[in-house]
Amino acid sequence: MTDILEGLRRSSASIGTVVGFILVWQTLVMLFHVPTWLVPAPTAIWAEFVKQAHLLGRHVMTTGTGAVGGLVIGAMTGLVLAILMVQSRILARILMPLLVIDQSVPKLALAPIFVIWFGTGMMTRVVIAMVISFFPVVINAIRGMTTVDRRVNDLMATISASRLDILTKVQLPNAVPYIFSGLKVAVPLSIIGAVVAEFMQSDSGLGYVVLVAVGNVNTPMVFVAVLLMALLSLSLFAALSLAEWLVMRGRFNYLAIENDG
Amino acid sequence: MLQANTVVSLRADDVRVPAMDASDIALSEITKVFQTRRGDVHALDAVSLSIRNKEFVCLLGPSGCGKSTILGLIAGLAKPSAGTVTIDGKSVDAARRAHQIGLVFQDAVLLPWRTVSENVSLPLEVLKIPRREREARIKAVLRLVGLEGFERRFPHELSGGMKQRLGIARALSFDPQVLLMDEPFGALDAITRDNMSIELLRIWEQRQKTVVFVTHSIGEAAFLSDRVVVLTPRPGRIAAVIDNALPRPRPLNMRDSAEFIALSRQLRTLLGTE
């Protein structure tokens with residue numbers, strides 16, 4: 001109980017900022033009679049949300065499924081690539097330039113091509129979310145696996161440890177916190193990927209809701225959809241943080257202590 | 001297992017010993033050159049040394065004299081530029097495959113996500129020792145180093161001395177014949193260091209290991225060793241090999257004895273710091 005109160009007290013500044021921001025917004029819109037199609041007041045956005053809430057669940061689910069699907073496949077691909085690149089120097093030399101090129105290409109600009117290749121369904125969402133979210137996982141996983149104390153490698157060498165032993169007992173555990181950092185970067189990217197896919201051509205999802213609302217000059221609905229994207233991103237982030245906490249508590253406590261100290 | 005060790009007193013001028021000795025570890029005419037961007041660095045020059053089975057040898061010298069390099073060569077972590085290293089007449093690689101080498105570092109180098117027990121377990125897992133036997137060995141070795149009751153703690157919950165005990169336990173867990181220790185107590189405070197020295201001698205006497213102990217502390221070398229190998233820096237050469245005849249067991253107050261002080265003075269002279 002005291003923990004909750006303590007938490008509230010500590011987050012009161014953040015909550016205050018958000019509430020204050022909404023109040024200022026509302027006041028300015030009312031004071032200057034800003035038309036709703038230009039900038040809707042928070043109350044107008046809320047009213048629109050309440051009116052359409054029963055229709056929105058499906059779209060949130062569609063975008064969410066695409067983003068999570070892309071994130072999961074992207075993270076797994078990224079992890080496998082990272083493991084391969086850490087195991088083999090030749091593979092690292094071949095793949096690293098490809099990764100850098102891949103990262104330099106603005107993948108969202110490729111979205112129309114993905115639509116040609118994968119159609120307008122769920123597949124395109126997943127693919128775009130995947131290609132955009134796997135890079136931070138690869139980079140962080142590689143860093144996590146290679147920032148092992150040299151002397152730990154010496155130790156493993158003196159007992160003739162196999163590569164598999166080194167991978168499973170040293171490199172991967174060492175990379176766990178790094179992989180979570182990569183995933184946290186990847187979460188909002190995956191949502192952007194899914195929404196961009198929906199901007200191309202689709203019949204559902206929050207990106208589709210934005211397109212339709214803009215077509216109808218229903219600006220409050222645009223805001224509703226964008227806020228729902230943010231909420232989706234926050235929930236995924238929260239779920240990831242929970243998973244991180246569950247995995248890291250105990251074994252990776254030393255990191256928290258290092259940060260405090 | 002006890003071999004009759006011929007006790008040969010080595011003076012500075014006859015330290016060169018042929019490689020095929022009955023000794024446990026033999027370094028013969030070792031030269032080590034590191035190639036760096038600024039040119040070659042001669043870390044070791046014609047180092048020959050023979051370490052007997054179950055002997056406690058200290059490598060003493062200032063930093064940069066290549067004493068850690070010698071340890072790395074015995075561990076097989078680096079190859080000599082010239083010369084040979086053998087352990088029990090076999091190559092270093094063979095000794096490594098036979099799991100004859102245990103390493104202990106200055107700051108323990110523990111895996112922070114593994115508990116005390118799990119850290120000791122690491123080499124045993126690599127050696128594919130069945131769980132039952134693993135547990136028994138962990139228990140025995142933790143008792144040996146005085147870490148009973150701390151099995152479930154994590155390294156960050158341990159003091160510096162306890163971390164070193166854990167590092168020693170891990171090195172002893174798979175029962176290697178040779179223990180290579182690289183300034184293991186260098187980061188500890190003086191009091192903990194004294195305690196750990198006493199503890200190490202107890203463990204060494206109990207487990208009958210060959211210990212090669214790198215240090216830059218004259219007092220530590222004099223207190224612990226059977227023999228002290230004094231090294232000179234750049235390139236690392238053996239200045240002298242001194243027999244340490246101080247009686248065992250050695251209590252801490254032995255350091256006040258005239259013999260201890262005389263030995264320390266001799267070592268200090270050889271190091272050129274007096």
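How do H3(B) and H4(B) lie to each other, oblique or not oblique? That was what I wanted to settle at the start, and I kept in mind that this is a predicted model.

**Entry 1: H3 and H4 of chain B**

I pulled up helix H3 (residues 116-126) of chain B and helix H4 (residues 131-145) of chain B and looked at their axes, which come within 10 Å and cross at roughly 125°. With angles of 65 to 115 degrees counted as roughly perpendicular and those over 145 as roughly antiparallel, H3(B) and H4(B) are therefore oblique to each other. I noted the hand as well: the crossing of H3(B) and H4(B) is right-handed.

Next I listed who touches whom. From H3(B) I wrote down Ser117(B), Val120(B), Ser121(B) and Leu124(B), and these meet Arg134(B), Arg137(B), Ile138(B), Val141(B) and Leu142(B) in H4(B). Sorted by class, the residues of this H3(B)–H4(B) contact come out as five nonpolar, two polar and two charged.

**Entry 2: on to H5 of chain B**

I followed H4(B) to its next neighbour, helix H5 (residues 160-172) of chain B; the two pack at an angle of about 140° with their axes 9 Å apart. That angle makes H4(B) oblique to H5(B). The crossing of H4(B) and H5(B) is right-handed.

Which residues of H4(B) meet H5(B)? I found Val141(B), Leu142(B), Leu144(B) and Val145(B) on the H4(B) side, facing Arg165(B), Ile168(B), Ala169(B) and Leu172(B) in H5(B). The class count for the contact of H4(B) with H5(B) is seven nonpolar, no polar and one charged. Val141(B) and Leu142(B) had already turned up in my list for the contact with H3(B).

**Entry 3: the six-stranded sheet**

I then traced an open sheet of six strands in chain B, in the order S6-S7-S8-S3-S9-S10, with mixed pairing. Its edge strands are S6 and S10 of chain B, each of which pairs on one side only. I get an average twist of 20° from one strand to the next. H5(B) packs on this sheet, touching S6 and strand S7 (178-182) of chain B, and its direction makes about 170° with that of S6(B).

I checked one pairing inside the sheet: strand S3 (residues 56-60) of chain B and strand S8 (residues 210-215) of chain B run in the parallel sense over five bridges. As an example, Leu59(B) has Val214(B) in S8(B) as its bridge partner.

**Entry 4: the four-stranded sheet and an odd phi**

Chain B also has an open sheet of four strands, S2-S1-S4-S5, with antiparallel pairing. Strand S2 (39-51) and strand S5 (90-91) of chain B are the edges, each paired on one side only. I looked at strand S1 (residues 25-36) of chain B and S2(B): nine bridges join them, and they run antiparallel. Ile25(B) stands opposite Ile51(B) in S2(B).

S1 of chain B is also where I placed Glu29(B). Glu29(B) is not a glycine, yet I read a positive phi of about 50° for it. I flagged this, as most residues other than glycine have a negative phi.

**Entry 5: a cis peptide**

Which peptide bond did I note as cis? It runs from Arg248(B) to Pro249(B), with omega near -5°. Pro249(B) sits in the loop between strand S10 (237-243) and helix H8 (258-271) of chain B.

**Entry 6: chain A**

I counted ten helices and zero strands in chain A. Its C-alpha trace spans about 75 × 55 × 30 Å along the principal axes. The chain is divided into domain 1 (1-34) and domain 2 (41-260), and 30 Å separate the C-alpha centres of these two domains of chain A.

**Entry 7: where the chains touch**

How many residues does each chain bring to the contact? I have 20 residues from chain B and 18 residues from chain A. On the chain B side, the elements that give two or more residues are helix H2 (92-97), strand S6 (101-104) and H3 of chain B. H3(B) gives the most there, with four residues. By class, the side of chain B that touches chain A holds 14 nonpolar, three polar and three charged residues.

Last jotting: H3(B) shows up twice in this notebook, in the contact with H4(B) and on the side of chain B that touches chain A. S6 of chain B does too, as an edge strand of the six-stranded sheet and among the elements on that side.

Terms used:
Residues are numbered from 1 along each chain as its sequence is written. Chains are lettered from A and ligands numbered from 1 in the order in which they are written. This is a predicted model: local features need pLDDT of at least 70, side-chain atom pairs count only at pLDDT 80 or more; totals for chains, interfaces and linings use all residues. Axes are lines fitted to C-alpha atoms, for helices over the stretch in contact, and angles run from 0 to 180 degrees between N-to-C directions. Angles under 35 degrees count as roughly parallel, over 145 as roughly antiparallel, 65 to 115 as roughly perpendicular and the rest as oblique. A crossing is left-handed if the near helix is turned anticlockwise from the far one by less than a right angle, and right-handed if clockwise. Two residues are in contact if their C-beta atoms, placed from the backbone, lie within 7 Å. Ala, Val, Leu, Ile, Met, Phe, Trp, Tyr, Cys and Pro count as nonpolar, Asp, Glu, Lys and Arg as charged, and the others, Gly among them, as polar. Domain bounds come from an automatic or database domain assignment. Two strands pair if DSSP finds at least two bridges between them.
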